[in-house]
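Please open the model in your viewer and keep the sequence panel visible beside it. The tour below proceeds by selection, one stop at a time.

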Amino acid sequence: MIVSIVIVTYNSADFIERCLEPLIAHIGDRIEVIIWDNASRDNTAEIVRGRYPAVRLLESRENLGFSKGNNEALAYCKGKFILLLNPDAFLRGIDQVWDLIESIQRDDNIGAVGPRLINSDKSHQVGDAGWAFNLANSVSHFLFLHKIFGSKGIFISNRRLISGPAVDVDWVCGACTLIRREVIKDIGGLDVGVFMYGEDVQWGMLIKSLDRRVVYVPYISVLHIQGASQKDSEDAPYFSVKWLDALFQSVAGSTSKLGVGAFKLAAAVGFFIRYMLLKLDHRLAASTRRARSTNMLKYALHVWRLRI
């Protein structure tokens, strides 16, 4: 078995078929697909069981979260490589799986690779890869220093990097990550203490601690409908503060109270600047401009209220 594709579902009935369609015809000696269903309250499990018998469906009696759900499924994997794939991430075809495998095989020291994630309008989805969640990288990101000076930030958003060749990073997004099975054995599974959001960052840092490379491959692009189960439509802007909470906890655990204050100030100012820029960006539809700018203001207020 070359690759095991692991998909953790929870109330994913609206998009699980779209996720599976490019894969189904190729299940066999080289590819297996394993779905761990986290006690969905909709008919996700029924759809998979009834329409996709070649998929191995594992049903949990409770919602274990993203991390533990993946860990449970990993125990059943036989592939040399493991592809973690969100049910709201859609490959264009099976060739993208082979492209990811080719990318990881270019250097035996590469532990994991991740593609460029795109939104439904084909724009880059910020948050698909980046560097350590620390104070310096956070300030660089929030105050645009990574774009002005080319320094590292928490997320890749520099146009030169997302349109170029492979980039060494500290982590890639768990929505679509290919990792060597041997590396998983070395680092263990995802942190079960993290129910959702931030576990992929921790995993990437663990891979790096083994002197393995984590590589972002932007020439492979995968559509990801971020927060699909929580939105009314595919194009609706996604809003969640959980990633911001995870970032804050990481920074707070590695810096002083003064550093925490600097983080909050940089983040609040950065979000407010983004709020103003979006309000003035008339290239966007009025509804999109209003929704995105409102989200930035919500982030600014939320981060200012965070406490250790």
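**Strand 11 and its partners**

Select residues 213-224, which form strand 11; strands (E, at least two residues) and helices (H or I, at least four) are DSSP runs, numbered from the N terminus. Of the 12 residues in strand 11, 10 are buried, so that the strand is mostly covered. Buried denotes under 20% relative accessible area, exposed over 50%, and partly exposed the range in between (1.4 Å probe, protein chains only). The model is a predicted one, in which local features need pLDDT of at least 70 and side-chain atom pairs count only at pLDDT 80 or more, while totals for chains, interfaces and linings use all residues. Residues are numbered from 1 along each chain as its sequence is written, and side-chain values use heavy atoms, with hydrogens and water left out.

Next, display the strands that pair with strand 11; pairing requires that DSSP finds at least two bridges between two strands.

- Strand 6 (residues 110-118) runs parallel to strand 11, with eight bridges between them. Here I110 is placed opposite R213.
- Strand 8 (residues 167-169) is antiparallel to strand 11 and shares three bridges with it. Select V169 to find V214 of strand 11 opposite.
- Strand 5 (residues 89-90) is also paired with strand 11 in the antiparallel sense, over two bridges. F90 has L223 of strand 11 as its bridge partner.

While side chains are displayed, recall that in a regular strand they alternate between the two faces of the sheet.

**Salt bridges**

How many salt bridges does the structure hold? There are eight, a salt bridge being a side-chain nitrogen of Lys or Arg within 4 Å of a carboxyl oxygen of Asp or Glu. Side chains of opposite charge can pair when their charged atoms come close.

Remain at strand 11 and select R213 together with D168, whose side chains form a salt bridge with an N to O distance of 2.8 Å. Since R213 belongs to strand 11 and D168 to strand 8, this pair ties together parts 45 residues apart in sequence. Both residues are partly exposed: R213 has a relative accessible area of 27%, and D168 has 37%.

Move to E182 and R212, another salt-bridged pair, with the closest N and O atoms 2.8 Å apart. This pair also links distant parts of the chain, 30 residues apart: E182 is in helix 8 (residues 181-187), and R212 is in the loop between helix 9 (199-209) and strand 11. Is R212 buried or exposed? R212 is buried, at 14% relative accessible area, whereas E182 is partly exposed, at 41%. Add D107 to the selection with D168 and R213: salt bridges with shared partners join these residues into one network.

Then turn to E17 and R51, whose side chains meet in a salt bridge at 2.7 Å, N to O. E17 lies in helix 1 (residues 16-24) and R51 in helix 2 (residues 44-51), so distant parts of the chain, 34 residues apart, are linked. E17 is partly exposed, with 26% relative accessible area, while R51 is exposed, at 51%.

**Helix 5 and the nonpolar patch**

Select S140 in helix 5. Its relative accessible area is 4%, and it is buried. Beyond its neighbours within four places in sequence, S140 is in contact (heavy atoms within 4.5 Å) with L145, H146, S151, K152 and G153.

Continue to L143, in the loop between helix 5 (135-142) and helix 6 (145-148). L143 is partly exposed, at 30% relative accessible area. Switch on the surface and add L265, V269, I273, L277 and W304: with L143, these residues make a nonpolar patch of about 530 Å². The largest contribution to the patch, four residues, comes from helix 11 (residues 257-280).

**The whole chain**

Finally, zoom out to the full protein chain, which has 12 helices and 11 strands. Its C-alpha trace spans about 55 × 45 × 35 Å along the principal axes. Of its 308 residues, 53% count as buried.

Technical notes
Patches are made of residues with over 30% relative accessible area and no salt bridge: like charges are joined within 9 Å, nonpolar side chains (Val, Leu, Ile, Met, Phe, Trp, Tyr) within 5 Å. Accessible areas come from the Shrake-Rupley method with a 1.4 Å probe; for residues, only the protein chains shown count as cover.
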